[in-house]
Amino acid sequence: VVLLLILSVSWALRLFMLPGTAEQETNAAPAFGGMLELAVIMPLSWLPLVGDYTRNARHGRRGVSAAALGYFVGSCAMYLLGLLSVRKLPEAGPVASMLLAGLGPGAALVVLLSTVTTGFLDVHSAGVSLRLVFPRLGQRRTPLLMGLFGLVLAVSAPGGWYEHFLYALGSVFAPFFGVIFCRRFFFSTYRISTRDIILGFMAWAAGLAGYYILLPLGFPLGVSVPALVVSMISYYLLMKGAILWTQKY
């Protein structure tokens, strides 16, 4: 991780030293809402992974705070590096940008280190989730199975499919966390019941529907944030209605 940080800083400095590129308007440029949506989905999809690690922290509040701060700073730094790369070398992808900036063999090292570090986290988290469904698989076998599955998927899936997969992640995770946040902020003192779970899925479905309704409209704030708000409001109203109904009868 330290070596990856050094290489990333070196890449940023080399990009900064390059002469600026004249701005060219293009009709193919994506809308701000679409770019914001892709920027939101990636860290949002990593929240379960962060939870799989922070649940083992000795001090819960400190562990969550450290993870939130580190992830926030790291994500912002990478987005700024990507923005700098696009501004300086608009026609180059990440690897081509590193090569054109003169990073040389360091470019291959950045790809290798970033793939290894994030891949390790991914297969561990996926293994944790799989063991919740199939606890007999064991702690060592599940990461190997998920790593092999991810390798097959990466080799066989077309490259353009990745963006559609990100949208699918956003449609699932944004309303899901809306329900969780609403539960945590307003109903944490209530003991969870089957009724609450059913209402949660109903609110999640409302957020999911809102996501795909807003997606083709090019909403200026992206789609994940409005879908999260829709699911939060839906869950709050459903829970309040259920509580009032119980108190009345």
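**View 1. Val 229 on helix α10 is partly exposed, with a relative accessible area of 38%.** Here, buried means under 20% relative accessible area, exposed over 50%, and partly exposed in between (1.4 Å probe, protein chains only). Val 229 lies in helix α10; helices are DSSP runs of H or I with at least four residues, numbered from the N terminus. This is a predicted model, in which local features need pLDDT of at least 70, side-chain atom pairs count only at pLDDT 80 or more, and totals for chains, interfaces and linings use all residues. Residues are numbered from 1 along each chain as its sequence is written, and side-chain values use heavy atoms, leaving out hydrogens and water.

**View 2. Val 229 joins Phe 185, Phe 186, Val 225, Ile 233, Tyr 236 and Leu 237 in a nonpolar surface patch of about 680 Å².** Such a patch takes nonpolar side chains joined within 5 Å, from residues with over 30% relative accessible area and no salt bridge (Lys or Arg side-chain nitrogen within 4 Å of an Asp or Glu carboxyl oxygen). Helices α8 (161–186) and α10 (224–248) each supply at least two of its residues, and α10 gives the most, with five.

**View 3. Phe 176 and Phe 177 pair edge-to-face, 5.4 Å centre to centre with 70° between the planes.** Rings of Phe, Tyr and Trp (its six-membered ring) pair if their centres lie within 6.5 Å; planes under 30 degrees apart are stacked, over 60 edge-to-face, and the rest tilted. Phe 176 is partly exposed at 40% relative accessibility, whereas Phe 177 is buried at 9%. Both belong to one aromatic cluster with Phe 173, Phe 181 and Phe 185.

Terms used: Patch = residues over 30% accessible without salt bridge, like charges linked within 9 Å, V, L, I, M, F, W, Y side chains within 5 Å. Areas by Shrake-Rupley, 256 points an atom, 1.4 Å probe, with all protein chains shown as cover.
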